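Thank you all for coming; I would like to walk through one structure with you this morning, going region by region. Please have a look at the sequence and the model as they come up on the screen.

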Amino acid sequence: PRLRIAGYGAPAGYLPLRQTLQARLHGQGIGAPLEQIVTTSNTVQALDMLLRLLLRPGDCVVLDSPCYFNFHANLALHGARSVTLERGADGLDLARFEQLLAQHRPRLYLTTGVLHNPTGHSFTPGQAFALLQLARQYDCHVIEDDLYADLHPQPPARLAALAGLEQVTYVSGFSKTFSANARASFVVAAPQLAASLIHLKLMSGGITCELLEQVVGQLLADGSYDKHRKRLQLRLQEAAGRVEQRLRALGCTPLQAYAGGLFIWARLPAGCDSEALARAGLARDMLLSPGSLFGPDPALLGCMRFNIACSDDPQVWAVLTVLLDSTAVRSSAL
């Protein structure tokens with residue numbers, strides 16, 4: 001169909017874009033009819049609408065620790081309780097996961113299977129299969145936030161491909177690959193949930209921008225997106241090597257072998273408080289991401305997320321060298 005400049009757009013999203021997404025999803029092993037693919041303005045909006053449909057106040061949700069900071073904030077707005085499960089370089093402690101499932105009977109597990117934010121960890125097929133078995137056993141629905149997988153050169157299977165859409169609702173978008181201003185995202189869900197999502201989107205004024213969706217759809221369909229994605233992967237890989245080298249030279253320890261994506265999750269030198277470092281950075285007009293931003297565990301205070309693209313700059317490291325020295329001294333003296 002032709003773009004209707006004067007129209008509002010279709011509640012489910014621009015049809016040619018959804019058709020292109022359907023073909024791409026099929027290539028990832030996720031089979032979905034068009035009516036189960038719904039576009040959203042961004043992934044945060046998608047998650048917020050899903051939580052409105054799937055949760056009631058007091059329901060419990062499992063989150064990774066660390067995790068994207070907005071997950072905690074969004075759940076609080078919905079009156080949900082969160083319990084956290086440590087996620088490290090080796091993935092999840094599955095015995096602990098089962099303990100949480102049995103004790104709290106959570107309604108949802110909200111996670112990222114590929115290139116987790118902030119750690120960069122991806123579930124192996126074995127880990128994914130085991131956690132999905134446990135989630136199914138305890139009737140815990142999984143929401144898979146897959147915003148970063150297109151930055152992985154060889155991404156493992158998505159959770160939605162392994163378990164199907166009755167057990168896993170899939171969310172993704174293009175803000176991390178195109179541009180922060182290209183905020184076209186989408187949800188792939190079971191039939192009834194997708195229908196409810198379209199209705200909620202329509203009733204809450206969430207009709208997405210058809211003009212932007214046409215641009216994204218064209219770039220996906222003509223191959224431009226995949227060419228851009230591969231160039232971006234290569235540039236990030238090269239920059240990550242330089243950033244990791246500089247981090248190690250400053251006494252920081254990357255906690256996950258780099259496999260792709262935007263971030264490096266690192267432990268700061270002994271005695272360095274990431275919150276103190278972030279405050280010192282702000283005083284020098286440098287915005288840093290302290291570990292405490294990603295969860296309440298006190299152990300996260302010793303960690304920090306580094307954005308590879310923003311960190312690959314000699315001026316950044318000149319300032320960071322001074323900050324780490326001064327912050328470490330102040331922290332160790334407390």
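Let me begin with a question: which backbone oxygen lies 2.7 Å from a polar atom of the side chain of Gln 36? Before I answer, please keep in mind that what you see is a predicted model. The oxygen in question is that of Ala 189.

As for its setting, Gln 36 sits in the loop that runs between helix H1, residues 15-27, and strand E1, residues 37-40, and it is buried, with a relative accessible area of 10%. If we leave aside the neighbours within four places in sequence, the residues in contact with Gln 36 are Leu 165, Val 187, Val 188, Ala 189, Ala 190, Pro 191 and Ala 194.

Moving on along the chain to strand E1, we find both of its faces covered, with Ile 37 and Thr 39 buried on one side and Val 38 and Thr 40 buried on the other. That division is what one would look for, given that in a regular strand the side chains alternate between the two faces of the sheet. E1 pairs with strand E8, residues 185-188, in the antiparallel sense and over 4 bridges, and within that pairing Thr 39 stands opposite Phe 186 of E8.

Next comes helix H3, residues 69-77, in which Phe 71, Asn 74 and Leu 75 are buried. These three lie on the same side of H3, because they cover an arc of only 100 degrees around the axis. The general background is that an α-helix has 3.6 residues a turn, so residues three or four places apart point the same way. On the other side of H3, Ala 76 and Leu 77 are exposed. The buried residues of H3 pack against helix H2 (43-54) and against four strands, namely E2 (60-65), E3 (81-88), E5 (108-111) and E6 (141-145). After H3 comes Gly 79, whose phi is positive, near 70 degrees.

Finally, the cysteines: how many disulfides does a search of the whole structure find? The count is 0. For Cys 67, the closest cysteine sulfur belongs to Cys 60 and is 13 Å away, which is too far for a bond; Cys 67 is also buried, with a relative accessible area of 2%. Cys 303 is likewise in no disulfide, the nearest cysteine sulfur being that of Cys 252, at 10 Å, and Cys 303 counts as buried at 6% relative accessibility.

That is where I will stop, and I am happy to take questions.

Key:
Residues numbered from 1 in each chain as written. Predicted model: local features only at pLDDT ≥ 70, side-chain atom pairs only at ≥ 80, totals over all residues. Heavy atoms only, no water. Buried < 20%, exposed > 50% of the residue type's maximum accessible area, 1.4 Å probe, protein only. Helix = DSSP H or I, 4+ residues; strand = E, 2+ residues; numbered from the N terminus. Arc of directions from axis to C-beta. Contact = heavy atoms within 4.5 Å. Disulfide = S-S within 2.5 Å. Polar contact = N/O pair within 3.5 Å; in protein donor to acceptor, adjacent residues only side chain to side chain. Pairing = 2+ DSSP bridges.
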